[in-house]
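Biologist: I'm new to this one. Can you walk me through the aromatic side chains?
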Amino acid sequence: ALLSANQQQRIQRDFEALTEKMDDLTDWEHYIATPRKQELLDHIKALVETPLDNPNEQAKKVKAYRKQWNSLGHADDEVEKTLNDEFNQACETAFAPCRQFYAEQEKIREQHAQTRKNIITEVEALASTLNNKSEDEVIDFKAIDGKLNKLNKSWREAGDVDREQYQALQKQF
């Protein structure tokens with residue numbers, strides 16, 4: 001309101017020119033994004049139809065496709081929602097085998113953790129029997145050494161567990 005009429009007209013012209021440029025850029029975004037999104041949708045559908053053998057590679061591929069999809073911007077307004085819905089569904093379907101694989105791996109790690117807990121229980125039992133021996137009882141150090149070696153070997157072969165859980169179990173062991 002404090003500007004002169006001439007300045008207001010100049011600002012209005014600049015505003016209209018910039019608005020027109022923004023509209024042009026939006027049109028270009030739609031022009032570029034629509035075919036690329038359709039192509040990317042075809043790629044993810046192909047991944048659904050012929051999944052990779054390695055679930056980790058499959059997950060990486062799905063993640064890369066999702067990242068690329070998000071970077072493309074908006075497609076034409078009339079197909080944007082349809083493309084997004086189809087892509088999201090295809091991503092979920094492509095990731096399903098990975099989710100199943102990771103769940104199985106989690107179960108295996110839990111089994112390994114239980115194995116390690118059992119080994120700790122054996123070590124504690126061995127320590128308890130040694131601590132409860134009277135001073136005049138003879139201790140068979142060779143048998144104890146054999147048991148310790150066997151327990152150490154079992155510990156090394158017990159399998160992988162989550163890092164935090166392993167560290168806690170390692171301290172107990």
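Biologist: Is Phe173 buried, partly exposed or exposed?
Modeller: This is a predicted model. In it, Phe173 has 26% relative accessibility. Buried would need under 20% and exposed over 50%, so Phe173 counts as partly exposed.

Biologist: How many aromatic pairs are there?
Modeller: The count is five.

Biologist: How are Trp155 and Tyr166 arranged as a pair?
Modeller: Their ring centres are 6.3 Å apart and their planes meet at 35°. That angle is not under 30 degrees and not over 60, so the pair is tilted.

Biologist: Which parts does that pair tie together?
Modeller: Trp155 lies in helix H4, residues 141-156. Tyr166 lies in helix H5, residues 163-172. So the pair ties together parts 11 residues apart in sequence.

Biologist: And is each of the two buried or exposed?
Modeller: Trp155 has 4% relative accessibility, so Trp155 counts as buried. Tyr166 is partly exposed, at 31%.

Biologist: Back to Phe173. How does its ring sit with Trp155?
Modeller: Those two are stacked. The distance is 4.2 Å centre to centre, with 5° between the planes.

Biologist: Where in the chain are these two?
Modeller: Trp155 is in helix H4, and Phe173 is in the segment after H5. They are 18 residues apart, and the pair links distant parts of the chain.

Biologist: New topic, charges. Which residue lies over the face of Trp155?
Modeller: Arg116 does, at 4.5 Å from the ring centre.

Biologist: Last one. Which residues do ring pairs link into a cluster?
Modeller: Phe95, Phe101 and Tyr102.

How values were computed:
Residues numbered from 1 in each chain as written. Predicted model: local features only at pLDDT ≥ 70, side-chain atom pairs only at ≥ 80, totals over all residues. Heavy atoms only, no water. Phe/Tyr/Trp six-rings, centres within 6.5 Å; stacked < 30°, edge-to-face > 60°. Helix = DSSP H or I, 4+ residues; strand = E, 2+ residues; numbered from the N terminus. Buried < 20%, exposed > 50% of the residue type's maximum accessible area, 1.4 Å probe, protein only. Lys NZ or Arg CZ within 6 Å of the ring centre and 35° of its normal.
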